[in-house]
Amino acid sequence: MAGTLTKVRGAAVSSNSPVWELFCRNGSRLFVKVAPSEIFHVREVHAYRFAIPALGPLCAPRLMASDPAQLAVLLTAAPGRNVATTRLTMADRVKFHHQAGWLLRALHSSAGVSIGASVDPGGLVRARRRSVEEHLAAAGDLLSPAERELARRLATLLPLLTSCPVAFIHGDAQERNLLWDAATESVALLDFGRAQAALAVDDFVRLATGPWACQPRLRAAFFTGYGRELVRPEKQVLPALAALDAVRGLAWGARIGDDGVIGRARMTLKLLSNGMVM
């Protein structure tokens with residue numbers, strides 16, 4: 001099993017979590033990932049132990065070992081290439097989003113994970129209302145008065161979260177955390193440090209403000225694979241969640257000097273201003 005370690009760089013790897021690729025003498029590949037904090041490590045290990053097995057073989061890495069003292073996990077390699085850095089035809093992108101929808105639905109309903117009793121939608125509403133003002137304050141002059149008013153207006157929709165379905169979510173569902181295997185036309189999911197029992201709609205925010213915004217065919221393919229459309233409260237509250245994500249991203253991106261995060265936040269605010277998030 002001995003081999004060499006190489007630091008992994010690229011969009012497939014969480015920006016908050018150092019990852020090393022282990023090239024083993026038998027030709028296999030493993031990954032060593034170190035979480036940025038204990039809660040990320042605990043969530044990731046829990047997901048790999050109790051939720052990922054329900055996804056079936058090759059749909060996600062598998063947990064080989066974990067070290068709580070080092071906040072580290074040893075993972076197998078999943079098949080496929082990162083979609084965020086791979087050029088696909090529109091036909092393949094449609095297939096990819098269809099498969100991604102199926103995979104996220106499998107995760108959301110993963111067996112062995114207790115979700116109903118562990119989610120307090122009312123508590124989520126209160127916490128997110130508080131976070132709106134906290135992140136608006138942190139963003140400061142990075143937001144225009146119109147953007148600030150837009151975020152506060154959309155935040156009034158947050159009570160609709162109490163009517164949204166609960167699920168075991170990925171927590172950072174976006175193309176950079178998905179792999180596409182062209183040979184088998186299958187998708188694999190990466191990076192479970194934010195996985196937890198929450199609301200299913202949380203996993204649609206980054207996709208709705210990313211690839212779906214300009215390509216409604218991808219959105220349609222996703223929800224066909226997912227097996228259901230958004231219920232009315234989810235559809236209504238999605239712009240509010242997108243606004244919160246954008247304001248938080250703007251403040252965080254400025255704090256760490258990440259132009260990519262800032263650019264994504266500004267694009268989301270532009271989409272929301274034009275009424276293009278649903």
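**View 1. The outward face of α4 in this predicted model.** Pro145 and Ala146 are the exposed residues here, sitting on the face of α4 that is turned away from its buried side. If you're picking side chains to show for this close-up, these two are the exposed ones that this face carries.

**View 2. The buried side of α4.** Helix α4 runs over residues 145-155, and its buried residues are Glu147, Leu150, Ala151, Leu154 and Ala155. They take up an arc of only 130° around the axis, so they end up on the same side of α4. That fits the usual helix arithmetic: with 3.6 residues a turn, residues three or four places apart point the same way.

**View 3. What lies over that buried side.** Which helices help cover the buried residues of α4? Among the covering elements are α3 (121-139), α8 (232-256) and α9 (259-273).

**View 4. The largest cavity, with α4 in its wall.** The count comes to two cavities of 30 Å³ or more, and the largest has a volume of about 60 Å³. Its lining is made up of Val132, Leu136, Ala151, Ala155, Ala240, Ala243, Leu244 and Val247. Ala151 and Ala155 turn up in this lining and are also among the buried residues of α4.

**View 5. Who supplies the lining of the largest cavity.** α3, α4 and α8 each put in at least two residues, with α8 giving the largest share at four. What classes of residue line the largest cavity? Eight are nonpolar, and there are no polar and no charged ones in the lining.

Terms used
Residues are numbered from 1 along each chain as its sequence is written. This is a predicted model: local features need pLDDT of at least 70, side-chain atom pairs count only at pLDDT 80 or more; totals for chains, interfaces and linings use all residues. Side-chain values use heavy atoms; hydrogens and water are left out. Buried means under 20% relative accessible area, exposed over 50%, partly exposed in between (1.4 Å probe, protein chains only). The arc is that of the directions from the helix axis to the C-beta atoms. Contact means heavy atoms within 4.5 Å. On a 1 Å grid over the protein atoms alone, a cavity is a set of points where a 1.4 Å probe fits but cannot get out, and a pocket is an open set with protein on both sides within 12 Å along at least five of seven lines; lining residues have an atom within 4 Å of a point. Grid points are joined across faces, edges and corners, and a volume is the space filled by probe spheres set on the points. Ala, Val, Leu, Ile, Met, Phe, Trp, Tyr, Cys and Pro count as nonpolar, Asp, Glu, Lys and Arg as charged, and the others, Gly among them, as polar.
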